[in-house]
Amino acid sequence: MNAGDRVRVTRADVTNEGVLMPSSTEDHLVVKLDGGYNVGIAREGADVDVLETDVYDIEDAQSEGDGTSEIEFDDDLPTVSLISTGGTIASTVDYRTGAVTAQFDAEDVLRAVPDLAGRANYRGRVVANILSENMTTDVWVDLAEAIAEEIEAGADGVVVMHGTDTMQFSASAMSFMLDTPVPIVFTGSQRSADRPSSDNVMNAVCAVEAAKADAAEVMVCMHASESDDVCALHEGTRVRKNHTSRRDAFETVGAKPLGEVDYEAEEVTFRRDYAPRGEADLALHADIESEVELVKFTPGMDPAALDYLDGKAGVVIEGTGLGHVHTDLIPRFEELVEDGTTVAMTSQCLDGRVCDRVYDTGRDLLDAGVVEAGDTLPGTAKVKLMWSLANLSDPAGAMGRNLEGELTQRSVPWE
């Protein structure tokens with residue numbers, strides 16, 4: 001049997017059928033199942049039947065994407081800059097190991113998603129080629145600078161291709177780092193392009209349509225449901241990934257999405273107020289303070305777990321309910337404040353705002369110098385504090401003010 005053969009493998013009364021992939025070890029077989037997933041099977045004790053030979057040309061698959069893209073310019077079309085940072089939307093199977101790896105650059109995405117043709121003129125740019133768990137503040141700075149350069153060069157909109165796991169953090173960072181006259185749309189994919197259930201095509205197409213639309217906002221464009229019909233447009237500072245694997249993993253917390261894109265009709269509709277295209281002048285505020293931590297309080301937490309916070313410029317607490325921690329931890333946070341650390345409180349609850357004036361614990365936290373961050377999402381609050389410490393004279397006061405849609409005036413149910 002050879003890589004590329006269709007096989008049936010039985011081991012320990014479990015049978016898997018699919019295409020045999022190359023394996024990085026001699027001890028395991030890698031089989032690509034019909035649903036797109038790869039499964040590793042120990043060779044020892046496995047019975048293998050070759051059902052068909054050479055059904056998948058591994059050599060050709062390895063060379064997919066080679067060469068350069070030829071993108072014709074049409075004066076009647078807007079120009080959209082495609083900026084790649086890596087992630088599943090720019091991933092394919094590594095045919096040496098059978099694993100999914102981030103390896104496409106922005107021009108490869110154009111080849112991989114032919115539905116993008118004719119919608120805009122495209123410029124491709126690679127800022128990073130990493131899985132999103134490897135995102136850093138340095139890459140944020142590079143990304144903000146690249147977006148600004150693309151807008152200065154005449155881009156009518158920007159699409160950032162990004163891994164979904166930390167997309168909400170990067171979208172928040174760009175919201176604070178950039179004043180933009182054009183749409184900046186983050187998109188990604190929960191499932192890689194080699195899988196039949198991939199969401200990469202629809203997300204990419206809808207993101208381009210949003211980048212051509214009128215809202216000069218930083219947005220996240222992802223499936224609105226499990227169906228391939230509509231993508232939701234989420235405000236960059238109010239979005240959260242709420243599911244590990246569903247295609248509609250992203251939600252706007254505390255409000256309706258900013259808008260939506262109908263995939264078939266190619267129509268963009270906005271539900272709430274937004275900054276219109278061309279209203280703002282482009283400005284870059286890319287300084288960022290990296291010495292900020294997000295701390296989740298849990299019952300039974302050892303106060304010694306907070307020792308690593310000494311010397312940090314900022315700390316965001318993810319407290320319980322209205323914004324609480326164990327009473328014994330309050331002196332520790334007070335010490336941090338006295339040493340010059342800005343400490344802000346958020347809530348672990350998905351909806352609602354912190355209010356440390358209701359119970360004694362909250363009042364003690366306020367007396368200790370902890371500031372309230374309202375209903376700002378904890379991850380967004382961390383990014384906001386990182387940015388505020390580097391750019392504002394009163395970062396503590398800024399945590400209680402709305403800067404980029406991250407903090408609503410009051411939390412109300414919505415229909």
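When I say two residues touch, I mean heavy atoms within 4.5 Å. Keep that in mind for Asp165. Leaving out residues up to four places away in sequence, Asp165 touches Ser132, Glu133 and Lys241.

Now, the whole chain. This is a predicted model. There are 415 residues in the chain, and buried residues make up 49% of them. The fold has nine helices and 23 strands. Take the contacts between residues at least 6 apart in sequence: 68% of those join residues at least 24 apart. The exposed surface is about 18600 Å². Carbon and sulfur atoms supply 43% of that surface.

Confidence next. Mean pLDDT is 86. Of the residues, 85% reach 70 or more. Two stretches need a flag. Over residues 57–70, pLDDT stays under 50. The model has 15 contacts for that stretch beyond four places in sequence. Residues 93–98 are also below 50. That second stretch has 25 contacts in the model beyond near neighbours in sequence. Where pLDDT is low, the predicted coordinates should not be read in detail.

On to the annotated site. Which residues does UniProt list for "active site"? The record, an unreviewed entry, gives Thr88, Thr164, Asp165 and Lys241. Such annotations may be inferred rather than shown by experiment.

Let me take two of those. Thr164 lies in the loop between β10 and α4. Asp165 is found in the loop between β10 and α4 as well. Is Thr164 buried or exposed? Thr164 counts as buried, because its relative accessibility is 6% and the cut-off for buried is under 20%. Asp165 is partly exposed, with a relative accessible area of 45%. That value falls between the 20% and 50% cut-offs, so the label is partly exposed.

Contacts for Thr164, again without neighbours within four places: Ser132, Gly188, Ser189, Gln190, Met222, Lys241 and Phe250. Look at Ser132 and Lys241. Thr164 is in contact with both, and Asp165 touches both. Lys241 is itself on the UniProt list.

Now the packing. The largest nonpolar core has 43 residues. Which of them touch the most other members? They are Trp140, Ile147, Met174, Met177, Ile184, Phe186 and Val220. The elements giving two or more residues are α3 (137–152), β10 (157–161), α4 (167–177), β12 (184–187), β13 (218–223) and α8 (378–391). Helix α3 gives the most, with nine residues. This core also draws on two domains: at least three residues come from each of domain 2 (79–284) and domain 3 (292–400).

Trp140 is worth a look on screen. Not counting residues up to four places away, Trp140 touches Met135, Phe169, Ser170, Ala173, Met174, Met177, Val383 and Met386. Met174 and Met177 are on that list, and both are among the core residues with the most partners. Apart from this core lies another, of 25 residues. Its members include Met161, Cys206, Ala210 and Val261.

Last stop, Val48. Val48 sits in strand β5, residues 47–52. Val48 is partly exposed, at 28% relative accessible area. Beyond its neighbours within four places, Val48 is in contact with Met1, Val7, Arg8, Val9 and Leu29. How far apart in space are Val48 and Glu17? The C-alpha to C-alpha distance is 9.7 Å, and the two are 31 residues apart in sequence.

That is the tour.

Key:
Residues numbered from 1 in each chain as written. Predicted model: local features only at pLDDT ≥ 70, side-chain atom pairs only at ≥ 80, totals over all residues. Heavy atoms only, no water. pLDDT = per-residue confidence, 0-100. Helix = DSSP H or I, 4+ residues; strand = E, 2+ residues; numbered from the N terminus. Buried < 20%, exposed > 50% of the residue type's maximum accessible area, 1.4 Å probe, protein only. Core = buried A, V, L, I, M, F, W, Y, C linked by side-chain atoms within 4.5 Å. Domains from an automatic or database assignment. Areas by Shrake-Rupley, 256 points an atom, 1.4 Å probe, with all protein chains shown as cover.
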